[in-house]
Amino acid sequence: MHRGRTILVFAKYPEPGRVKTRLEAVAGREQAATLYRCWIGEVFSALQPLRGLAHLVCCFDGAPRASFAEWEHFVDDWWPQSPGDLGERLAAGFQLVLAGGGTGVAIGTDCLELDAALVGQAFDLLEDRDVVFGPTPDGGYYLVGMSADRRGVFASVRWSCPETLEDHLARCREQGWSYGLLSARHDIDTWEDWLAYLKRTGGARSGQ
């Protein structure tokens, strides 16, 4: 197991009808999957300055590893996601990282405002914090990091709602775990989120 810093990127294979279901309600299955495929590449590209400084792992789901071959050159390792809800999958990923004595950060593939500097800030915060979060305006988070075994932070959480992050923070306070917060960033769950992202960036990114 890699000792030191590990970045877990949770990615699902962009199969039409099986990814970004809230986005596809307006965009349609094919376009939602096409957009999501582009976003995977953009997120991996943004993390490349950290290669060599951190171990970059793709936690894949939805298809065999061979189906992710187009992103092979972006990552150092491939781990299949564990069964269960998001909390259980995150906890399993962190268990592998923490068992090796390292520090881990987990992100998804739908926050295009994420960059290497921000992930670097997360690792800096983890030097004296147990847990770190990157909040999103909708009450969730685009990043979670851990420097010690605090996987219980994922228990009894209301997922995909305005209370998601607050549930995590309440759990930290209950257990006496220290935490830090990064600056807020938007993720993309709906067509409205995508249009708002394009407006903020001038449509400069791929996949538009």
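Is Lys20 buried or exposed, judged by its relative accessibility? Lys20 counts as buried, because its relative accessibility is 15%. This briefing concerns a predicted model, and it follows the charged side chains that pair with each other before turning to the cysteines. The count of salt bridges comes to 15, while the count of disulfides comes to 0.

**The Lys20 and Asp189 pair**

- The side chains of Lys20 and Asp189 meet in a salt bridge, with a distance of 3.4 Å from N to O.
- This pair links distant parts of the chain, since Lys20 lies in the loop between β1 (5-12) and α1 (21-27), whereas Asp189 lies in the loop between β7 (179-181) and α6 (191-201), and the two are 169 residues apart.
- Asp189, the acidic partner, counts as buried because its relative accessibility is 15%, and Lys20 is likewise buried at 15%.
- Beyond the pair itself, a network of salt bridges links Lys20, Arg22, Asp110 and Asp189.

**Salt bridges of Asp128, Arg129, Asp130 and Arg150**

- Arg129 and Asp128 join their side chains in a salt bridge, in which the N to O distance is 2.8 Å.
- The two partners fall into separate accessibility classes: Arg129 is partly exposed, with a relative accessible area of 28%, whereas Asp128 is exposed, with a relative accessible area of 54%.
- Asp130 forms a salt bridge with Arg150, and the closest N and O atoms of these residues are 3.6 Å apart.
- The pair of Asp130 and Arg150 also links distant parts of the chain, with Asp130 in the loop between α4 (116-125) and β5 (131-135), Arg150 in the loop between β6 (141-146) and α5 (164-175), and their positions 20 residues apart in the numbering.
- Asp130 is buried, with a relative accessible area of 15%, while Arg150 counts as partly exposed because its relative accessibility is 21%, and the boundary between these two classes is set at 20%.

**Cysteines without a disulfide**

- The sulfur of Cys58 finds its closest cysteine sulfur in Cys59, at 6.8 Å, which is too far for a bond, given that a disulfide requires the two sulfur atoms to be within 2.5 Å.
- Cys111 is in no disulfide either, as the nearest cysteine sulfur, which belongs to Cys38, is 16 Å away.
- Cys58 counts as buried because its relative accessibility is 0%, and Cys111 also counts as buried, in its case at 6% relative accessibility.

Key:
Residues are numbered from 1 along each chain as its sequence is written. This is a predicted model: local features need pLDDT of at least 70, side-chain atom pairs count only at pLDDT 80 or more; totals for chains, interfaces and linings use all residues. Side-chain values use heavy atoms; hydrogens and water are left out. Buried means under 20% relative accessible area, exposed over 50%, partly exposed in between (1.4 Å probe, protein chains only). A salt bridge is a side-chain nitrogen of Lys or Arg within 4 Å of a carboxyl oxygen of Asp or Glu. Helices (H or I, at least four residues) and strands (E, at least two) are DSSP runs, numbered from the N terminus.
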